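Here is a short tour of a protein model, with its helix packing and its nonpolar cores as the stops. Please have a look at the structure before reading on.

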Amino acid sequence: MLSFAATDPTLSSLQFPFFVRTTLSDSYQMTAVSEIIDFYGWKEVIAIYVDDDYGRNGVSALDDALARRRCRISYKAGIKSGPDVDRNEITNLLVSVAMMQSRVIVVHTHSNSGFMIFKVARYLGMMQEGYVWIATDWLSTVIDSGSLHSETMDTLQGALVLRQHTPDTDRKKAFLSRWNKLTGGSLGLNSYGLHAYDSVWLVAQAIDKFFSQGGVVSCTNYTSLHDDNGKGGGLNLDAMSIFDNGTLLLKNILQSDFVGLSGPLKFDSEKSPYRPAYDIINVVGNGVRRVGYWSNYSGLSIVSPETLYANPPNRSSANQHLHTVIWPGETLSRPRGWVFPNNGKQLRIGVPIRASFREFVSPVKGTDNFKGFCIDVFIAAVNLLPYAVPYRFVPFGDGLKNPSYTGLVNLITAGVLDGAVGDIAIVTNRTRIVDFTQPYAASGLVVVAPFKKINSGGWSFLQPFTAFMWIVTACFFFFVGIVVWILEHRINDEFRGPPKQQIITILWFSLSTLFFSHRENTMSTLGRGVVLIWLFVVLIINSSYTASLTSILTVQQLSSSITGIDSLKASDEPIGFQVGSFAERYLTEDLGISKSRLIPLGSPEEYAKSLQL
């Protein structure tokens, strides 16, 4: 069986070994649709299909293709198959579709029901800006087969349509010219017609090769088909026979490799055409314009697949391109693809009503809304999502004191709330029961302690060193002067003279080294060594003194008995904590501080007053 029109993806060569498809399976078409949806960043679509094997299996293939790209069909709407189309049924269906959040609609039907869908959609205002309509190749087949009325084309404006790709070869153009002369231009030729023409040639060449191989047309009765009760039931199954050389003919068909009107005709391992591709066209005005191609070789592109076949395949996201599309409503801007649904469930988002630090979150008087830094972050994050998230804020707390944030988190676990927004610290016991977003503000515990200010007075120049340090330094100055005098007075005239003069020389020499201004020269080697070491010590003392004095005169000096968490634990001082904060549990359970030392505080004013007292 050689089919040029059966696109049902469930028709597998494994189930039907003698079934060969010369057209493209809908599995490729639905892959193309899913890549278009992923290209524009939409995550949910609505599928309208005809309720038969063709429609159901096609939408099932679309569902699988979208799942591979982390997208999904949010709603499937089937309509009855048959020549008679119920307008009321389609109207009710589209009304329910209009109430949903997705605005991306894929239509996979037959032509009679498909045109009715677009007609009713236009009547309901669903062909306006914000909607996205994608039709499978049923629509391009009708458009290519002949001109449509302007009224029908008006209902299709802005729709994206897929069409099986056939290369624009000279042979194809010549054939279409002869076809137009034959039909007088009244009947166009779509891709299925080209596949039908190529299918006839395919069979002809396969049979010709079959006979050249010595094949003979002979049949054998199929004796295994009979009725055990001797009643054929009018089927006459005993008369059925099997073509003896069917396997050889099938082999010749599958090995065919020639260029037809639809392009190179060659089969892959699944007995389907080699290198499937589709044109992506946009209905504009009284005609269509091609905005790109899709091929199983390289995905979406604005270059014909035949050109891309000469290069290595590249399916990276940066290599996926389409021309600008004129969407419904005659807009060039990419539709968002979703709106807030009229029938969607609202998420219950708990918001703490704080008594202090209301810059994070606080209620707006007279409304159910909230404001603050945390609310701004939440709204900005929701607006960035590629789908609608309806929600409502649920207040938590009485506003007189800060509520327990652990209690707020527990309401999410209990199912009372779906989420929470606020300055909720991420701590270990909370992460065990709920999930947190990425942190958007730095958090942590700090110790705020009272201090005393040390004022600098007239004697502040003595504060860099302690009294003991001053005494030791003075002794060293005098000691170094004596050592140098002992080493120099025998050989150096500057260290000689009356006892009074020698004492003055010792004191002057030692003190002048503080400013590196001593005038006496040292002549002995040991003397010079002592002076060199002493000058280095003086440099260190001088630098330390200068740095300490500068700090005292320029930086406010603070003094507190609490220097950190360790000194806080060791003391018996009362400790204040913010009401509702996890700090209470941390101090008692993790640090082991007695609850009797803890004092709840609700506002910065209470902090300041308690610290001052």
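Which residues have the most contacts inside the largest nonpolar core?

## The largest core

They are Leu94, Ile105, Phe118 and Trp133, in a core of 33 residues. A nonpolar core here is a set of buried Ala, Val, Leu, Ile, Met, Phe, Trp, Tyr and Cys residues joined through side-chain atoms within 4.5 Å, where buried means under 20% relative accessible area with a 1.4 Å probe, protein chains only. Helix 4 (111-123) is one of the elements that supply at least two residues each, and its share, 6 residues, is the largest.

## Around Trp133

Leaving aside neighbours within four places in sequence, Trp133 is in contact with residues including Leu94, Ile105, Phe118 and Pro328; contact means heavy atoms within 4.5 Å. Apart from this core lies another, of 32 residues, among them Trp42 and Leu300.

## Helix 1 against helix 2

The axes of helix 1 (residues 26-39) and helix 2 (residues 53-67) come within 8 Å and cross at roughly 45 degrees. That makes helix 1 oblique to helix 2 (not under 35, over 145 or 65 to 115 degrees). Met30 and Ile37 are among the helix 1 residues that meet helix 2, whose partners include Tyr54 and Leu62. The residues of this contact divide into 8 nonpolar, 4 polar and 1 charged.

## About the model

This is a predicted model, in which local features need pLDDT of at least 70 and side-chain atom pairs count only at pLDDT 80 or more, while totals for chains, interfaces and linings use all residues. Residues are numbered from 1 along each chain as its sequence is written, and side-chain values use heavy atoms, leaving out hydrogens and water.

Terms used. Axes are lines fitted to C-alpha atoms, for helices over the stretch in contact, and angles run from 0 to 180 degrees between N-to-C directions. Helices (H or I, at least four residues) and strands (E, at least two) are DSSP runs, numbered from the N terminus. Ala, Val, Leu, Ile, Met, Phe, Trp, Tyr, Cys and Pro count as nonpolar, Asp, Glu, Lys and Arg as charged, and the others, Gly among them, as polar. Buried means under 20% relative accessible area, exposed over 50%, partly exposed in between (1.4 Å probe, protein chains only).
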